[in-house]
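Biologist: I should be grateful for a close look at one part of this model, taken residue by residue. Please then connect that part with other local features that deserve attention.

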Amino acid sequence: MTEEDLTRIARGYRSFTAGARYSSPLYAELAEHVAGSATVLRFLAALPTGKRQPNLLFAALQFLGGAPVDGAELDRRVADDAERLRATMLARATQTNEPARCGALLPVLAQLDAPLTLVEVGASAGLCLYPDRYGYDYDGVRVGPADTVRIAVTTSGGVPVPRRLPTVVARIGVDLNPLDPADPDDRAWLRALVWPGPAADERLHRLDAAADVAADEPATLLHGDLVDRLPDALGFAAPGSTVVVMHTAVLPYVPEEVRGRFADAVRDLPVRWLAQEPPGMVPGTGERPDDAWGAHFVVSLDRRPLARSAPHGGRLEWLGGGLETSPA
Ligand SMILES: C[S@@+](CC[C@H](N)C(=O)[O-])C[C@H]1O[C@@H](n2cnc3c(N)ncnc32)[C@H](O)[C@@H]1O
């Protein structure tokens, strides 16, 4: 471990602080503390490079004993519980599963020819594979059942709010590490990935309710890379259905070369390609933000940008285009 390693890690934590300030003041404070803490920086520098990020450290701490209340507790727990913390960070990955993203996908899905087969790559626990099982509130217009997961969306630009939910006849997910919504440890990890902050209670409530829905009606979840396993996933499509290959908040994790091969593969298939990703991750959806994530995501169908959304899906701005209801 070199001084340069410690400086690089500290810089990463400092830049995380700016993005977390409003959504999680506690994580912003803890990240700032880490940037100046020799104890934590040395602990992190001993981990492989892909395992040092704030999201993973803070989720592992939450998983093992709740979020530290301040920097002093953080230092103490890293010093006293280093082995368990290291093992958790090595075994787990950042796989936040946010069912509220279905609120950004639904206006598109509802316009496609039903019934639908959903093939979600980078599915985590598959909670975005149930857009037809959740209830929505688009600026007060309610869609779907009232007694389940509730997803509120603020709209602008004339979002085509669906009148009814689409019919989904098959749900298939692919992930490097699929999580099981029925497994208590995986559920605890998904909860630990939610940042403490103003939206945490609502998000945890929604996560628990969506995991119950998914556990009751398990999707087919395949283990592996999105390019390698796509053909296997398509093999589970229901005959006569419209197949939708979809993904949300996945492509920034995928190396550029693999992303290119994925785009080439999907383009040539007889499927609809629905994405909710940062700009530029799908070809034709804008300029890439400097930090790979940016302040908003683009909802695109078959590479055509249709809307801008909040990264977690709670806000949707329609860009004015109609939908080709059959593939171009
Ligand atoms: C931030 S999570 C998003 C989960 C879900 N799409 C959502 O929006 O709630 C990203 C997921 O992509 C998966 N992932 C990353 N690279 C992948 C790859 N090359 N192939 C398959 N899955 C991948 C991760 O394991 C993780 O579960």
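Modeller: Let us begin with the surroundings of the ligand, where 19 residues are found and Asn-97, Glu-98, Arg-101, Asp-175 and Thr-248 come nearest. The model is a predicted one. Asn-97, one of these nearest residues, places an N or O atom of its side chain 2.7 Å from an oxygen atom of the ligand. The protein backbone also takes part in polar contacts with the ligand. A polar backbone atom of Gly-122 lies 2.9 Å from a ligand nitrogen atom, and a polar backbone atom of Leu-176 is 3.3 Å from a nitrogen atom of the ligand.

Backbone geometry deserves a separate word. In general, most peptide bonds are trans, and most residues other than glycine have a negative phi. The bond joining Ala-114 to Pro-115 is cis, its omega being near 0°. Pro-115 belongs to the loop that links α7 (102-109) with β1 (116-121). In the loop between β1 and β2 (135-138) is Ser-124, a residue other than glycine whose phi is positive, near 60°.

Turning to the helices, α4 (residues 54-65) and α6 (residues 82-91) have axes that come within 9 Å of each other and cross at roughly 120°. This angle makes α4 oblique to α6, because it falls outside the range of 65 to 115 degrees for roughly perpendicular axes and is not over 145, as roughly antiparallel axes would require. The crossing of α4 past α6 is right-handed. On the α4 side, Leu-56, Leu-57, Ala-60, Leu-61, Phe-63 and Leu-64 make the contact, and they meet Arg-84, Leu-85, Thr-88 and Met-89 of α6. Sorted by class, the residues in this contact are 8 nonpolar, 1 polar and 1 charged.

The loop leading into α4 offers a further point of reference. Ala-46 sits there, between α3 (38-45) and α4. Residues up to four places away in sequence being left aside, Ala-46 touches Met-1 and Arg-86; Arg-86 falls within the span of α6, residues 82-91. By contrast, Val-299 is 253 residues from Ala-46 along the chain, and a distance of 39 Å separates their C-alpha atoms.

Definitions and conventions
Residues numbered from 1 in each chain as written. Predicted model: local features only at pLDDT ≥ 70, side-chain atom pairs only at ≥ 80, totals over all residues. Heavy atoms only, no water. Axes fitted to C-alpha atoms, helices over the stretch in contact; angles between N-to-C directions. Helix = DSSP H or I, 4+ residues; strand = E, 2+ residues; numbered from the N terminus. Parallel < 35°, antiparallel > 145°, perpendicular 65-115°, else oblique. Left-handed = near helix turned anticlockwise from the far one by under 90°. Contact = heavy atoms within 4.5 Å. Nonpolar A, V, L, I, M, F, W, Y, C, P; charged D, E, K, R; others polar. Near = heavy atom within 4 Å. Polar contact = N/O pair within 3.5 Å; in protein donor to acceptor, adjacent residues only side chain to side chain.
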